[in-house]
Amino acid sequence: MVVKISRRSVMVGGTLASVSAGAHFLTISSSKASKSAMTQNQENEEMDKKSEALIVIDVQNDFCPGGSLAVPGGDEIVPLVNKMMTDYATIVLTQDWHPAGHSSFATSHEGKVPFSMVKMPYGDQVLWPDHCVQGSNGAAFHQDLQTDHADLIIRKGANPAIDSYSSFFENDRSTPTGLKGYLDILGIRKLTIVGLATDYCVRYSAVDAARLGYEVEVILSACRAIDLDGSLKAALDDMQVHGVKVHN
Ligand SMILES: [Zn+2]
């Protein structure tokens, strides 16, 4: 019973919100009475596009075949990502961007090997091969990625002491990257997330975005995973639990 009441109140809230938005749009269209229905549809589409952004996660050389932390098939997504970028008014690229000797590198921990775990002050951390060192070729975007489409490039992982999977927060889950402020000031509410790797930076970006209240979808055909000890399944489960829509 309690659940039903709660659901109804959410529905009422949703209805009120759409009535309010519709009334607002009517006010605008009544002042332009000569406009055709087609034009109004185009205006609606334009308004929708203005509230959406494509977030392209870490399509960098080190995450592609031949790179130091290669994600299998990582380069295969580039043509699809390029095509998707032509459909969005706002495009954000992210770039893993570590100083040499970063604390997430196994080489920074004596006796540790890549892909082992270590306890950091902010929690468990996978130790990675050295990757995406600032200014290196490995940190550069894949050469075929059409970066000219980007409105914003967010660089993350620059703090030597904290890794950053999410494009919203570092791995302490509280230090912001600034992406939320950028999206909010533009009125963006819906995010489509693609890139590398599904089970790390895409996952944490999508879950944080959902927690922050954005409508979020992840397109798996434009992502590739590392899949370390079941991390892909854990990522898909986590995204589903947080209300991220996952499509192929
Ligand atoms: Zn990294």
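Let's start with the largest nonpolar core, which has 48 residues. The members that touch the most other members are Val-56, Ile-193, Val-194, Ala-197, Ala-206 and Cys-223. Who supplies this core? At least two residues each come from β1, β2, α4 (179-185), β6, α5, β7 and α6 (231-241). The biggest giver is α5, with seven residues. As background, nonpolar side chains in soluble globular proteins tend to be buried together.

Before I go on, please keep in mind that this is a predicted model. The average pLDDT of the protein chain is 87, and 85% of the residues score at least 70. The stretch to treat with care is residues 1-32, where pLDDT stays under 50. For that stretch the model has two contacts beyond four places in sequence.

Now the overall layout. The protein chain has six helices and eight strands. If you read along the sequence, you get α-α-β-α-β-β-β-β-α-β-α-β-α-β. Of the 248 residues, 34% are buried. And for those of you who like contact maps: among contacts with a separation of 6 or more, 71% are between residues 24 or more positions apart.

On to the sheet. Six strands make an open sheet with parallel pairing, and their order is β5-β2-β1-β6-β7-β8. Why do β5 (152-156) and β8 (245-247) each have one side without a neighbour in the sheet? They stand at the edges, so each has a single partner strand. On average, neighbouring strands here are turned by 20° against each other, ignoring direction.

Let me zoom in on β6 and β7. Strand β6, residues 190-196, runs parallel to β7, residues 215-224, and six bridges join the two. Two of our core residues show up in this pairing: Cys-223 in β7 is the bridge partner of Gly-195, and Ile-193 has Val-218 in β7 as its bridge partner. On to the next pair: β7 and β8 also run parallel, joined by three bridges. There, Val-218 stands opposite Val-246 in β8. The connection from β7 to β8 passes through α6, and this β-α-β crossover is right-handed. The unit made by β6, α5 and β7 is right-handed too.

That brings me to α5, residues 198-211, which packs on the sheet and touches β1 (52-57), β6 and β7. The direction of α5 makes about 170° with that of β7. How covered is this helix? Mostly: 12 of its 14 residues are buried. Those buried residues aren't just nonpolar names; among them are Asp-199, Arg-203 and Asp-208, alongside Tyr-200, Val-202 and Ala-206. The elements covering them include β1, β6, β7 and α6.

Ala-206 is a nice way to see this close up. Not counting residues up to four places away in sequence, Ala-206 touches Ile-193, Val-216, Val-218, Met-239 and Val-244. Ile-193 and Val-218 are the bridge partners I mentioned a moment ago.

Now for some backbone geometry. Most residues other than glycine have a negative phi, and most peptide bonds are trans. With that in mind, have a look at the bond from Leu-196 to Ala-197, which is cis, with omega near -10°. Ala-197 sits in the loop between β6 and α5, and you met Ala-197 earlier in the core list. Just after α5, Gly-213 takes a positive phi of about 100°.

Two residues that are not glycine also have a positive phi: for Asp-58 the value is about 50°, and for Phe-115 about 75°. Are they buried or exposed? Asp-58, in the loop between β1 and α3 (78-85), counts as buried because 29 C-beta neighbours lie inside 10 Å. Phe-115, in the loop between β2 and β3, is partly exposed, with 14 other C-beta atoms within 10 Å.

Last stop, in that loop between β2 (91-96) and β3 (117-120), is Lys-112. Lys-112 is partly exposed, also with 14 other C-beta atoms within 10 Å. Leaving aside neighbours within four places in sequence, the contacts of Lys-112 are Ala-106, Val-118 and Leu-127. Leu-127 is 15 residues away along the chain, and the C-alpha atoms of the two are separated by 8.0 Å. That's my tour, and I'm happy to take questions.

Terms used. Residues numbered from 1 in each chain as written. Predicted model: local features only at pLDDT ≥ 70, side-chain atom pairs only at ≥ 80, totals over all residues. Pairing = 2+ DSSP bridges. Helix = DSSP H or I, 4+ residues; strand = E, 2+ residues; numbered from the N terminus. Axes fitted to C-alpha atoms, helices over the stretch in contact; angles between N-to-C directions. Contact = placed C-beta atoms within 7 Å. Buried ≥ 20, exposed ≤ 12 C-beta atoms within 10 Å, placed from the backbone. Core = buried A, V, L, I, M, F, W, Y, C linked by C-beta atoms within 7 Å. Right-handed = clockwise from strand over helix to strand, strands pointing away. pLDDT = per-residue confidence, 0-100.
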